[in-house]
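I opened the notebook to record, entry by entry, what I looked up in this structure and what came back.

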Amino acid sequence: MIPIFDGHNDTLLNLVSPLLDKKWDFLSKNEVGHIDLIRAREGGLYGGIFSINVPNQRNLHEDNSPPVIRFTNNGYEMDLVPQIDHEYAKNYTDKILQRLSNLVKKSNGNLHIIKHFHTLKTDFTQKLLSIILHFEGAEMIRKDLQNLEVYYKKGLRALGPVWSRPNAFGYGVPFKFPHTSDIGPGLTSNGKKLVQKCNELGIIVDLAHLNMKGFIDVVKLSTDPLVVSHTGVYNLCRATRNITDKQIDMIGDSNGIIGIYFDPINLLLKSMPDKNMSLSVIIDHIEYIVQRIGIDHVGFGSDFDGADMPNKIRDASSFPNLIQALKEKGYTKSSIEKIAYKNWFRILKTTWRNN
Ligand SMILES: [Zn+2]
């Protein structure tokens, strides 16, 4: 089985979700959610970037999900999600980190929070599950960046300055179709300092959910390979969350990576999501990147536990279906290995300072 490293999931939110079945347990096999230890093993998923995306405050007591998408005649739109407070975001993050640390202790060595590339490599060959800690939206980071290093010591190794809402560091991209991500201003001065500090510490700066002006600001500032952990190709599906040819080229020039997500709403040419979407749609987005900038710059960024999945890849145990679809498309074993984990490994190894 070809092992998988996945560039993005929201599974850690399940550790505090009031919505989930009380019996949900990451170390057992569950019916709900997309990733747990058992289904990850079944699919060959041995490592991934596990994100903390603090939910909208307004909805917290009813529902963890963001405001609803409105379908229009030829697409969909959703307002930019309101700002959240720093203290609230910090408490929420710390609660997840506490529960994650308990979970790791309970896992009998099957689960690790990875802080060094060499540990990831060893754990991966031993088929343990490696968790790379990521913040999707930096609201838990103080504006003066005082606590960034504290989180780095706890394992933070990747960070998106914004989710799809404004914060002290920049402006996320609102969800919209058809529209480019060229909506709103770029990074704030604090956001620019955040990117520089991440470069210094060796934290991956993730450009997913950033609007075009913010993206260009990072291109100008960052000294590391550019990373978009979960996105799609704008030319194949004209959604704000997807990236244009110009952006794809800049990522290629920086020796960076694009993680392709599996969520039908941002991959199909039409506005209404289709659960019965064929896996060939995901392959088309991968193939587009390969044709344009080469096999070294694309990987998976599933968005498991953060979006609706197509039936053909309904959870982590379904990764072999996607590998099979790549084989059928004519990809060789060595090309598939690059997409499945080697490209992500190169990015982690180059960006982290403490290999
Ligand atoms: Zn996301």
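Is Lys197 buried, exposed or partly exposed? I found Lys197 to be partly exposed, with a relative accessible area of 22%. I keep in mind throughout that this is a predicted model.

**Entry: salt bridges around Lys197**

I followed the side chain of Lys197 to its partners, and one of them is Glu149, with which Lys197 meets in a salt bridge at 3.8 Å, N to O. This pair links distant parts of the chain, since Lys197 lies in helix α5 (residues 189-201) and Glu149 in helix α4 (residues 148-154), 48 residues apart. I noted Glu149 as partly exposed, at a relative accessible area of 34%. Lys197 also forms a salt bridge with Glu200, where the closest N and O atoms are 3.4 Å apart. Here both residues lie in helix α5, 3 residues apart, about one turn of the helix. Glu200 counts as exposed, at 56% relative accessibility. For the helix geometry I wrote down the general rule that an α-helix has 3.6 residues a turn, so residues three or four places apart point the same way.

**Entry: a salt bridge in α2, and the whole count**

I next looked up Lys90 and Asp94, whose side chains meet in a salt bridge at 3.0 Å, N to O. Both lie in helix α2 (residues 86-106), 4 residues apart, which is about one turn of the helix. Lys90 is partly exposed, with a relative accessible area of 25%, and Asp94 is partly exposed as well, at 23%. Searching the whole structure, I obtained 17 salt bridges.

**Entry: Asp36 and its surroundings**

Which residues are linked with Asp36 in a network of salt bridges? I found Arg39, Arg314 and Asp315 linked with Asp36 in that network. Asp36 has its place in the loop between β1 and α1, and Asp36 is buried, with a relative accessible area of 0%. Setting aside neighbours within four places in sequence, I listed the contacts of Asp36 as Asp25, Phe26, Ser28, Lys29 and Asn30. Of these, Phe26 is 10 residues from Asp36 in sequence and 4.7 Å from it in space, C-alpha to C-alpha. For Asn30, I noted that the backbone nitrogen lies 2.9 Å from a polar atom of the Asp36 side chain.

**Entry: the zinc ion**

I turned to the metal and asked which residues coordinate the zinc ion. The zinc ion is coordinated by Glu136 through OE, and by His209 and His230 through NE2, at 2.1 to 2.2 Å. Along the chain these donors follow the spacing E-x72-H-x20-H. The pair of Glu136 and His230 links distant parts of the chain, Glu136 being in strand β6 (residues 129-136) and His230 in strand β12 (residues 227-231), 94 residues apart. I then checked accessibility, and found Glu136 buried at a relative accessible area of 3% and His230 buried at 0%.

**Entry: helix α9**

In helix α9 (residues 319-328) I recorded Phe319, Leu322, Ile323, Ala325 and Leu326 as buried. Why do they lie on the same side of α9? They are on the same side because they cover an arc of only 160 degrees around the axis. I also looked up what covers these buried residues, and the cover includes β1 (4-9), α1 (37-43), β2 (45-52), α8 (279-293), β14 (298-300) and α10 (333-351). After α9 comes Gly330, whose phi is positive, near 105 degrees.

**Entry: an open sheet**

My last search concerned an open sheet, which 3 strands form in the order β3-β4-β10 with antiparallel pairing. The edge strands are β3 (70-71) and β10 (176-177), each of which pairs on one side only. Between β3 and strand β4 (residues 76-77), which run antiparallel, I found 2 bridges. Phe71 stands opposite Tyr76 in β4.

How values were computed. Residues are numbered from 1 along each chain as its sequence is written. This is a predicted model: local features need pLDDT of at least 70, side-chain atom pairs count only at pLDDT 80 or more; totals for chains, interfaces and linings use all residues. Side-chain values use heavy atoms; hydrogens and water are left out. Buried means under 20% relative accessible area, exposed over 50%, partly exposed in between (1.4 Å probe, protein chains only). The arc is that of the directions from the helix axis to the C-beta atoms. Contact means heavy atoms within 4.5 Å. Donors are N, O and S atoms within 2.8 Å of the metal (3.2 Å for Na, K and Ca); water is not among the atoms, so sites may look incomplete. A salt bridge is a side-chain nitrogen of Lys or Arg within 4 Å of a carboxyl oxygen of Asp or Glu. A polar contact is a pair of N or O atoms within 3.5 Å; within protein, one must be able to donate a hydrogen and the other to accept it, and residues adjacent in sequence count only if both atoms are side-chain atoms. Two strands pair if DSSP finds at least two bridges between them.
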